[in-house]
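Reader: Before the questions start, please put the sequence and the structure on view.

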Amino acid sequence: MRRIPFDLEAYRKQMQTLLAGSVDASVFWEALDFATSAHFDQWRKSGDAYIYHPCSVAKILAEEMDILHPEILAAALLHDTVEDVEEVTAEVVGQKFGAYVQAIVEGCTKVTHVSGDSQLDHRRTHRKIFSGAALRPEVMLVKLADRLHNLRTLKALPERKRQRIADETIDIYAPLATIFGLFNLKREMYNLALSYKFPKQGAKLKGHIRQLTKDPIGGEIVAELQRQAQEYHVVCEVTVRVKELWAYYDMSNRLLLKRIDTPMEILIVVEDTMSCYQALGVVSQAFQPIPRTIRDFIANPKPTGYQGLHARAIIKGQKFLFKIRTREMAHRAQRGLIRNWTSKSGKQGQFIREIQEMFDVLGSEDFVSYRDVIAASGKKEIYTYTPDGDLVCLPFRSTVLDFAFRVHTQIGSTCLGAMIRNKRVPPDHILHDGDMVRIIRADTPVHFDPMILNDCKTPRSRAELAKSFRLRRRKVSQEVGYSLLRQEMLRYGIPFDILAGDGFQSLLGKLPAENVEDIYIRIGEGRLRLREVIDRIKEDLFGGISPLVTPTGAFNRIELTTLDPVSVKLSSCCKPNPTAKDNCALLTEKGLSVHHKKCIRLHEIKFQREDAVNITWKLRETPVVKQQVLYLLKASRQEVMDVVSALPEEMELVNLKVLSSYSSLHPSWEMNFSVPDLHVLSRVLRIFVRSAIPFEFYLES
């Protein structure tokens with residue numbers, strides 16, 4: 001491999017020019033010397049000296065993102081040292097360059113624990129980076145610059161690694177650049193990554209794009225606009241931009257489109273804001289805009305700070321997008337709100353707070369797909385309004401619940417639905433551009449179904465819902481853990497009141513729990529084994545001896561009053577009936593996994609006695625919230641009427657319909673009904689069992 005040395009002196013001169021106006025740039029120059037020494041005699045696969053990479057990352061930040069804060073640039077120079085240089089630790093970076101630089105470098109560093117599962121390791125690394133960015137968004141800015149330089153030098157890597165980096169860029173880094181408002185970075189990232197992801201199709205599309213640049217229609221539009229602008233005394237620059245590969249990527253279906261509706265844009269740059277509206281008048285005179293396509297992002301800027309006027313027109317059978325901006329707006333369109341920004345500057349604006357909120361969700365919620373959240377946040381936005389006329393900007397396909405949580409956390413947690421155009425809609429209703437939304441609230445927090453999490457698009461709604469689900473699950477887990485520990489201590493002959501004594505408080509320090517309640521929760525979630533707690537109690541408080549012999553065989557027993565799907569999962573393999581007495585449950589961190597005792601799948605799972613419990617419900621105290629469906633497989637009309645007439649009064653029959661008529665005398669039926677609790681449901685099921693009509697019923701929880 002040919003080794004290519006790095007011209008450090010030329011780099012110093014370039015950075016001196018870029019940092020000419022920076023106050024106290026000494027930390028950057030010290031970091032440059034340190035990184036050069038740390039990466040001495042390290043080489044990239046391309047043959048370049050390794051120091052070329054961190055230096056390029058710092059230069060991208062300064063030159064292409066307008067980030068000139070010396071400490072952020074210093075962190076960019078040092079971002080690979082902890083990971084790739086054995087002698088350099090995060091503590092060393094902190095001692096030499098301060099806690100701020102250390103926090104950014106640590107946030108950029110991959111997880112060091114390798115599990116052997118590459119997918120899991122990548123997910124852990126992403127979560128770690130997101131957690132770092134939640135505290136210091138600069139972490140992600142450095143990672144974006146790092147990824148862009150890696151893409152520019154990707155040819156030196158093997159095919160498999162190129163594909164992985166391309167996929168990761170398309171799914172994570174390019175959409176994140178969009179969220180930050182770094183549109184130049186976004187376009188280049190997509191263009192490079194898509195070229196590696198779809199080499200053959202990408203090459204064909206590039207040929208098509210080259211042909212579009214030669215299409216004379218662009219020049220004709222420019223000439224006509226310049227003529228009309230001159231006639232109306234509007235000073236402006238008009239250029240044509242042909243969209244590149246990035247515009248042809250269909251994010252939903254993960255493929256490249258052969259053609260797009262608007263392959264060319266007309267960019268109009270004027271001197272001041274008032275001239276933008278005059279230029280819009282020129283466009284309207286020259287080319288009639290498509291109705292309802294004029295968008296005013298000057299009066300209503302995008303969350304990234306983007307401003308401009310947009311209009312669309314069809315010219316000679318082809319759609320064109322006109323973008324009208326001042327020079328400052330055009331520059332801001334490429335740099336977003338992060339120009340010369342740092343999280344050290346004290347109170348942050350709403351845009352940065354929402355970005356930190358998003359990264360907090362991405363870094364902490366294991367059951368939320370961070371790729372889905374990023375994709376939703378990176379898509380085009382819609383503009384909705386409160387009844388007072390306040391603007392609420394949301395990701396495309398956001399729901400009423402997203403709107404409610406964006407307005408205020410309390411409004412979101414008590415949202416029952418909304419009124420839109422005098423029509424009531426549910427919390428999962430998808431909003432459209434221009435909707436005026438009036439939220440309908442409950443007096444107390446609503447217990448949302450976990451499935452609604454999949455419909456929500458904003459990080460705030462996902463975070464708040466996940467938090468409420470976690471609190472609901474922990475409450476049930478605590479009750480379960482308390483019951484199990486009490487039963488287990490009884491089996492061993494250990495008095496339960498010792499948990500309130502001083503001896504048990506000293507015991508807490510030897511268990512992975514903060515307090516007694518935390519012990520109950522951990523037991524209820526299966527994260528703390530009963531035997532471990534009992535052994536510790538025996539050892540510390542009873543000299544290693546219990547009054548009774550170690551129990552074996554029979555499970556402990558719990559009795560619930562909830563079917564909340566956040567805490568209780570009725571397994572799809574055997575579809576257990578909660579009104580019956582022959583169910584058991586496995587303790588898991590995501591709630592109780594309930595099975596029928598004869599379930600084949602259950603018998604295939606390896607678990608200890610303490611990992612499972614016999615489970616029943618207090619039928620009269622357990623509400624049934626959802627509407628239920630029962631299928632009658634074969635019954636005459638008279639048989640059905642006889643059974644329905646015998647059903648309890650507390651049951652509400654919603655509808656009854658024939659499903660098939662393969663037998664005119666004995667068709668199959670569907671019955672939709674509601675019951676207040678499990679007791680009434682058990683009476684309904686008993687009546688059908690006695691009727692001898694074959695039926696199917698699985699509880700909707």
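Author: This is a predicted model. The buried residues of helix H3 pack against helix H1 (8-18), helix H2 (26-38), helix H4 (70-78) and helix H9 (138-152).

Reader: Which residues of H3 are buried?

Author: Buried here means under 20% relative accessible area. In H3, the residues that meet this are His53, Pro54, Cys55, Ser56, Val57, Ala58, Ile60, Leu61 and Ala62.

Reader: How far apart are the end C-alpha atoms of H3, and what span should its 13 residues have?

Author: Helix H3 covers residues 52-64, and at 1.5 Å a residue its 13 residues should span 18 Å. The model agrees with that, because the end C-alpha atoms are 17 Å apart.

Reader: What phi does Asp66 take?

Author: Asp66 comes just after H3. Its phi is positive, at about 60 degrees.

Reader: Which strands stand at the edges of the open sheet of 5 strands?

Author: The strand order is E13-E17-E15-E16-E14, with mixed pairing. Each edge strand has a single partner strand, so one side of it is left without a neighbour in the sheet. The edge strands are E13 (556-560) and E14 (568-570).

Reader: Which residue in E17 stands opposite Ala585?

Author: Strand E15 (residues 583-588) and strand E17 (residues 612-617) run antiparallel and are joined by 3 bridges. Opposite Ala585 stands Val613.

Reader: Which helix packs on the sheet, and what angle does its direction make with that of E13?

Author: The helix is H20 (residues 459-492), which touches E13, E15, strand E16 (591-596) and E17. Its direction and that of E13 make an angle of about 145 degrees.

Technical notes:
Residues are numbered from 1 along each chain as its sequence is written. This is a predicted model: local features need pLDDT of at least 70, side-chain atom pairs count only at pLDDT 80 or more; totals for chains, interfaces and linings use all residues. Side-chain values use heavy atoms; hydrogens and water are left out. Two strands pair if DSSP finds at least two bridges between them. Helices (H or I, at least four residues) and strands (E, at least two) are DSSP runs, numbered from the N terminus. Contact means heavy atoms within 4.5 Å. Axes are lines fitted to C-alpha atoms, for helices over the stretch in contact, and angles run from 0 to 180 degrees between N-to-C directions. The expected span of a helix is 1.5 Å times one less than its number of residues. Buried means under 20% relative accessible area, exposed over 50%, partly exposed in between (1.4 Å probe, protein chains only).
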